[in-house]
Structure formats: structure tokens, C-alpha cells
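Hi,

Here is the structure I promised to pass on. Please open it and keep it on screen while you read my notes below.

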Amino acid sequence: MILSLNDLDLNDRRVLVRVDFNVPLDETGTITDDTRIMESLPTIRYIIDHGGLAILMSHLGRPKGKVNPKYSLTPVAERLSSLLDQPVYFAKDCIGAKAEEVVQSRTSGEVVLLENLRFYPEEEANDTEFAAKLAQSGDIYINDAFGTAHRAHASTEAIAHCFNEKGAGFLLQKELKYLGEALSKPERPFVAILGGSKVSGKIDVIKELLTKCDSILIGGGMMFTFYKAMGLEIGNSLLEKDKVSLASELIAEAKEIGVEVILPGDTIVGDSFSNDANYKNVEVHHIKEGWMGMDIGKRTIDEFSRIILNARTIVWNGPMGVFEMPNFAVGTKAIAEALVGATRLGATTIIGGGDSAAAISQFHLEKQVTHVSTGGGASLEFLEGKVLPGVKALEV
Ligand code: AMP
């Protein structure tokens, strides 16, 4: 069982929270997108409103185990303070005397932020001694960082074993609810849409979803490896030669289980990998040498949209085309719009993190679907049916 904040008595307790404040910064150290900070506010506010002292810890960037002022969480403390409209007391270290001094001088209803966890190599090494030192700052441990829950790090895994009282923050709880319920008790039809560049990154997801979904729609660069497996010519389209036989196996497996795997009937081909390329809509068996598939075609958009609008649970991971280039973002946008339509019809629509989350926010549709995951790698591993170490360690 995993407890939530509501199950714990936080009054007069030091609540140590692993948050994900890994925000993008520009060259001057200014935060360019504070979504991750905003998303942690409900958990922080709940703790301070219930008499707890919130002690927050996070990583930022890749300082590779060394102190590097470029990756200091100082700007995050400032932004968080203005969002909360109260002081955020910053400790210049995440362990030791500097952390202790700040934590001990603060009290109920206040907020402390510890310095970047990854200034220590022990963090990513899941070092138990380092975890024990971190644990000294809190009486209760809360993990609210879904984006790193698939990694066994000191602040996500080892540390949880130092506490009897521990649980999930609201953000993590929401992720587990939507992703978990979609996989364990989906309302049917349950449709998965998979795209992105490579089959290799999605093999385990496809295998897992084959056992759960009614249909799987495949788009993106990975569709061409499937077409190669079916003996089609794919011109200069993206191909993972070493995955062709695996693609054949997956198609055979789907047939055996009776799950529909639907590949695009038409595609937008370009004569170079550029937004300025000449392009045209062709049937997939008419891809000529010198042309490469860059997006799903018009007929496919209609077919996929119809299936999506009839579904009751939809999970989407990976763009349908090279959505970073406006001329080849049409398919991805149309699928995002179909998901919005399905949501309006009462379906549960879930967007895996990473590129699909980036795509849906590029189209400003992120508020019109049921759930956009905050973790790319973590949501992928969840969909692969893996137990995330940061989640498992919270079990009581
Ligand atoms: P992934 O990281 O595997 O989810 O792939 C995401 C990337 O796939 C995005 O950057 C897209 O531009 C890329 N992508 C999608 N469709 C295609 C395509 N047909 N050819 C090449 N790259 C693609």
C-alpha cells in the first residue's frame, strides 16, 4: 500500500519532499518554464497548511556529481517564493551542517529548499549512507517526483527505506492513478497510439500493450521498420535494419493474440529532412527512392481519428511525424485534436511525457485532455509494465 499526504499527520513534523524542480534555464540562469514548480505547489501548500515544515529536495541538470554554480537551485528558491507568496529558506548544501542549520531554524508552515542533490555522485549511485544523511532532515518522507521515479537514486529509492512514515505527493499520486488505472482497468475500447522515431525504444511498450489494448495505432518514424518487415519499399525513410525481424514478430504476435495493429495507409513524403523539402501525400506502397516518410497522410488521419473518437481509454506516446517542422506537424496535431474530441465525449485520454507532451503543449491543447504525464522515461517504463523503484520503495 502507498500512503498519500491525506493519510499522514503532518502537524509539527518535518516533511522531506523529493520534488522535480529540474526546470530549463537560459544562459543567464533565468527559469524559462516554471511548469514543474507550479505542479508541485498543491503538495507544498498542503504540507504547510497542515502544520508541517516542508523541506524540498531536487536535482537540476547534469552537474555530474560536482558542485557547479550553474546548476544551483537558488533561482528556483526565488521563483517558488514568489509563487507561494512567502519566504523559501535556501540551504546551500543538501546534507551536513549547512542543511541542518537552515532546517533547525525553521518551523511549521515554512518552506526550505536544499541545494542540488546531484552535486554529490552518491545521489545517482543510490548510496545508502548519503541517503541516511539526507533523511536526517525529515520525520516523514514524501516523493512527488514522477519524472525520476524510474531511477533508483538515493533521494528516490535508498532514502525511502530510512522512513516508517512515507508516501506519495499529489503529483505522483495523480500519475499513478491515471497510468495505473488505464493499464489495470481500462474502459474499453482501449486504444494505444505509438509513434516517435524508433521501434527500439518502444519494443517493451508494444509487447506490454499487446496484452492490454484492443487496438494499437502506429505512426512516426517507427512505422517504416514495420513496413520494411512487410516487404514494402520505404525509400529514404527512417529504418532500423536490425529491428525488421522483431517488427515481423510483433505483427505475428498481435495476430495471434487478436489485437489490431493498425499502420498508416498513406504518408507524407519529403525529398529531404527539412521543413523546406518538397512534399506530397502518397500511399505507403508508393514511396519512391529519394523520398522519405515525414508524417502520416490525410486518409490515415481520418482513420486514426475515427478509431480514437470511438475509444473510451486512449494512451498516446510518440509523435506521428516530424512535428518540430511545421509542414510535418499536421498528423501529430490532428491526433492531438482527436484526443481532445474523445475527451469531450467522456473518454480517458493520457499523454505519455517527453515528445508527445511537448507536442500537445506546442498546440496548446494540454488542458483539454485527461492527463499529460510529467515523466517521459518514467511513463514509458510504467507502460512497459515495470515497477518503478521510486514507487516500490514507498510501499508500507
Ligand atoms: P522518440 O524520441 O523515439 O519518441 O521520437 C521522437 C522524435 O521522432 C521526434 O523528434 C520526431 O521528429 C521524430 N519523428 C517522428 N516521425 C518521424 C519520421 N517519420 N521520420 C523521422 N523522425 C520522425
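**What I found**

Pro-189 is found in the loop that runs between helix H6 (170–184) and strand S7 (190–194). Keep in mind that this is a predicted model. The peptide bond from Arg-188 to Pro-189 is cis, and its omega is near 0°. Most peptide bonds are trans, and most residues other than glycine have a negative phi.

That brings me to a second loop. Lys-64 is found between strand S2 (53–57) and helix H2 (74–84). Lys-64 is not a glycine, yet it has a positive phi of about 55°.

Next, the sheet. In what order do its 6 strands run? The order is S9-S8-S7-S13-S14-S15. The sheet is open, and the pairing is parallel. Strand S9 (260–262) and strand S15 (371–372) are the edge strands. Each of these two pairs on one side only. Look at the S15 end. Strand S14 (residues 348–351) pairs with S15 in the parallel sense, over 2 bridges. There you can find Ile-350 opposite His-371 in S15.

Now turn to the ligand. Which pocket holds it? The ligand sits in the second largest pocket. It is surrounded by 16 residues. The closest are Ser-197, Gly-293, Gly-321, Glu-324 and Asp-355. By class, the shell has 6 nonpolar, 6 polar and 4 charged residues.

Three contacts deserve a look:

- Glu-324: a polar side-chain atom lies 2.5 Å from an oxygen atom of the ligand.
- Gly-221: a backbone N or O atom lies 3.1 Å from a nitrogen atom of the ligand.
- Asp-355: an N or O atom in the side chain is 3.5 Å from an oxygen atom of the ligand.

How much of the ligand does the protein bury? Taken alone, the ligand exposes 510 Å². The protein buries 79% of that.

To find your way around, begin at Pro-189 in its loop before strand S7. Then go on to the pocket where the ligand sits.

Best wishes

Conventions: Residues numbered from 1 in each chain as written. Predicted model: local features only at pLDDT ≥ 70, side-chain atom pairs only at ≥ 80, totals over all residues. Heavy atoms only, no water. Near = heavy atom within 4 Å. Polar contact = N/O pair within 3.5 Å; in protein donor to acceptor, adjacent residues only side chain to side chain. Areas by Shrake-Rupley, 256 points an atom, 1.4 Å probe, with all protein chains shown as cover. 1 Å grid on protein atoms, 1.4 Å probe; cavity = no way out; pocket = protein on both sides within 12 Å on 5 of 7 lines; lining within 4 Å. Sits in = over half its atoms within 2 Å of the grid points. Nonpolar A, V, L, I, M, F, W, Y, C, P; charged D, E, K, R; others polar. Pairing = 2+ DSSP bridges. Helix = DSSP H or I, 4+ residues; strand = E, 2+ residues; numbered from the N terminus.
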